[in-house]
Structures are given as structure tokens and as C-alpha cells.
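Let's look at how the labels used for a protein model follow from their cut-offs. Each turn below takes one label and sets a value beside it.

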Amino acid sequence: MEIRVGHSPDPDDAFMYWALTTDLVATRGFVFQQVLADIQTLNQWARAGRLEVTAISLAAYPFVQDDYALLPHGASIGTGYGPIVVAREPASVDDLRGKEIVVPGVMTTAFLTLRLVLGDVPHRELPFEQIPDEVASGRADYGLLIHEGQLTFSDLGLHKVLDLGEWWLLETGLPLPLGVNVARRDVERLPDLSAVLGEAIRCGLEHRDEALEYALRFGRGIDEAVADRFIEMYVNDLTEDYGDEGRMAVSELLRRGEAIGAFPRPVSIDFVA
């Protein structure tokens with residue numbers, strides 16, 4: 001059975017799925033094809049039910065919950081760090097209120113969390129990789145950075161104004177779940193599929209050097225040290241399994257999203273067994 005797995009062309013996602021390119025994982029009859037696209041595109045594809053398995057923003061899950069269930073692994077969850085808002089000059093959170101912020105997509109968890117901090121946010125969407133230059137060039141005053149931009153912004157002389165993961169931890173005492181993996185409900189043998197994908201993540205962590213070497217192909221020019229740090233941030237114990245803490249974080253973020261009217265209807269949180 002062919003399974004298309006959608007994920008971002010990023011070191012952390014590539015690291016998770018390295019083992020699927022080897023013979024180290026028993027695939028239980030599944031044949032995997034990796035499909036690469038930016039997270040906003042994956043969110044949109046999920047609304048059309050395009051892929052059997054895909055990474056999406058947690059904030060997008062309420063929009064696709066009828067077609068997809070959450071996998072119990074593969075999430076990008078950080079404790080005390082996350083997407084950041086940057087500016088060319090030092091600024092405070094109060095300086096952001098009422099000001100336009102360039103964001104990587106309105107369905108991203110980063111944007112949802114930003115709304116939890118600031119309320120209604122004047123915003124403009126751009127592909128995530130263009131946002132650092134948009135701010136550095138002066139075409140935008142503030143930008144919301146995800147992926148490796150969280151680590152490399154200072155190379156462009158930018159200043160961190162707000163770390164959403166830090167804010168979330170202080171607000172709730174929980175890690176911030178950003179990206180999640182979901183499986184389409186009509187796929188046969190979902191528990192078997194989930195088991196294979198979970199084993200791939202464990203295998204990558206057990207063969208870190210080989211998985212890192214593979215992941216560097218997706219680094220968009222960042223060096224090995226930055227890629228390694230980024231993977232360490234977002235491929236961790238909570239990636240192997242949410243556990244009680246991770247599931248509490250998912251529930252709390254979606255509950256708060258519901259409270260501000262971010263979703264079209266109440267959310268039913270459903271994990272593949």
C-alpha cells in the first residue's frame with residue numbers, strides 16, 4: 001500500500017523520516033513516498049484530504065478533524081522556546097500592538113499563538129523563508145519567524161521582540177506544540193501505519209549521526225551546527241510520544257483557540273490508537 005507522507009523540507013522533519021529511506025524499519029507492507037512542501041501548503045492540502053499522512057500546524061487540525069486523526073508521535077514541541085517576532089531595532093511586546101506583522105500563514109500555530117498574546121493582529125502573509133529579509137530590508141517592521149529563522153535571525157542584525165514558546169510556558173507551564181503529524185481516517189490498518197512511523201522516529205534518534213547527515217540535505221544552507229541544534233530542539237522525547245504533558249499542551253492550546261473564535265466549530269481531539 002503506497003503512503004504519501006507530506007512534510008516540510010526542513011532538517012527536523014527529514015530527520016524523523018530518514019529511517020524510511022533505509023532497511024532499518026520493517027514497513028509492514030507499506031511503501032512510502034515523501035512529499036515535500038512548506039507548512040502553509042501542507043495545511044491547505046490537508047483541507048482537501050490530499051495526502052495519506054502529513055505534517056500540519058496544530059492550529060490547522062480543527063479544520064481537517066473530520067478527515068484526519070492525530071498520530072501519537074512526530075510532533076514538533078518545544079519547552080520554553082518557539083516562533084519569535086523580530087524587528088530591526090530593539091522593541092517591546094507593547095510596541096507590537098496594533099502594528100502590522102508579517103506572518104508565515106494564518107493557519108500556522110505560530111500565528112494562532114501570536115493572536116493569543118496580542119488579540120487581533122494586523123498582518124500580511126509571506127512564505128516563511130522570505131520573512132527575515134522582509135524585515136531586514138525595511139519592507140516590514142516586524143516579522144514572525146518559524147523553522148531555522150528562530151536561530152539565524154541575528155545574522156541579519158535582527159532583534160528578538162517576543163518568543164512565543166517562552167510566553168506560552170510562563171502562561172501555562174506547558175510546552176508549545178507547533179507542528180503535528182496526522183493520518184487520513186480512510187487509510188486501512190492505521191495502527192500498523194502509526195507503528196511504522198513511530199519506529200522510524202525512534203530509529204533516527206538511535207542512529208543520530210546518520211540521520212543528521214541525511215537531514216543536512218534539507219538545511220537550506222544552514223551549517224551543521226545550526227541544523228543539529230534545530231533538530232535537538234524539535235525532535236525529542238515528546239516527538240516520540242506526546243505523553244500526558246504533550247497531550248495536555250495540545251488540549252490547552254486548542255481550547256484557547258476555541259475561546260477566541262479561531263475555529264469554525266468545537267474541536268474533537270482524536271489520536272490514532
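Q: Why is Arg184 called buried?
A: Its relative accessible area is 16%, and buried means under 20%, exposed over 50% and partly exposed in between, with a 1.4 Å probe and protein chains only. Arg184 therefore falls in the buried class. A word on the source: this is a predicted model, in which local features need pLDDT of at least 70 and side-chain atom pairs count only at pLDDT 80 or more, while totals for chains, interfaces and linings use all residues. Residues are numbered from 1 along each chain as its sequence is written, and side-chain values use heavy atoms, with hydrogens and water left out.

Q: Where is Arg184 found, and what does Arg184 touch?
A: Arg184 sits in strand 11; helices (H or I, at least four residues) and strands (E, at least two) are DSSP runs, numbered from the N terminus. Leaving aside residues up to four places away in sequence, Arg184 touches Arg4, Gly49, Arg50, Leu51, Glu52, Asp67, Tyr68 and Leu190, where contact means heavy atoms within 4.5 Å.

Q: What makes the pair Arg184 and Glu52 a salt bridge?
A: The term asks for a side-chain nitrogen of Lys or Arg within 4 Å of a carboxyl oxygen of Asp or Glu. For Arg184 and Glu52 the N to O value is 3.8 Å, so the pair qualifies. Arg184 lies in strand 11 (residues 176–184) and Glu52 in the loop between helix 2 (39–47) and strand 3 (53–57), so the salt bridge ties together parts 132 residues apart in sequence. Glu52 is buried, as is Arg184.

Q: How do you know that Asp141 and Arg88 form a salt bridge, and which parts of the chain does the pair link?
A: Their side chains meet at 3.4 Å, N to O, so they satisfy the cut-off. The pair links distant parts, 53 residues apart: Asp141 is in the loop between helix 6 (131–136) and strand 9 (142–145), and Arg88 in the loop between strand 6 (84–87) and helix 4 (93–96). Asp141 has 46% relative accessibility and Arg88 has 30%, so both count as partly exposed.

Q: What separates Arg255 and Glu252 in helix 13?
A: They are 3 residues apart in helix 13 (residues 243–259), so about one helical turn separates them. Arg255 and Glu252 form a salt bridge, with their closest N and O atoms 2.7 Å apart. Glu252 is buried at 18%, whereas Arg255, at 46%, is partly exposed.

Q: How do you know that the span of helix 9 agrees with the expected one?
A: The expected span is 1.5 Å times one less than the number of residues. With 17 residues, helix 9 (residues 190–206) should span 24 Å, and its end C-alpha atoms are 24 Å apart, so the two agree. Buried residues of helix 9 include Leu190, Leu193 and Val196.

Q: Why is helix 5 called oblique to helix 8?
A: The axes of helix 5 (residues 109–118) and helix 8 (residues 164–172) come within 10 Å and cross at roughly 55°. Axes are lines fitted to C-alpha atoms, for helices over the stretch in contact, with angles from 0 to 180 degrees between N-to-C directions. Angles under 35 degrees count as roughly parallel, over 145 as roughly antiparallel, 65 to 115 as roughly perpendicular and the rest as oblique, so helix 5 is oblique to helix 8. Trp167 and Trp168 of helix 8 are among the residues making the contact.
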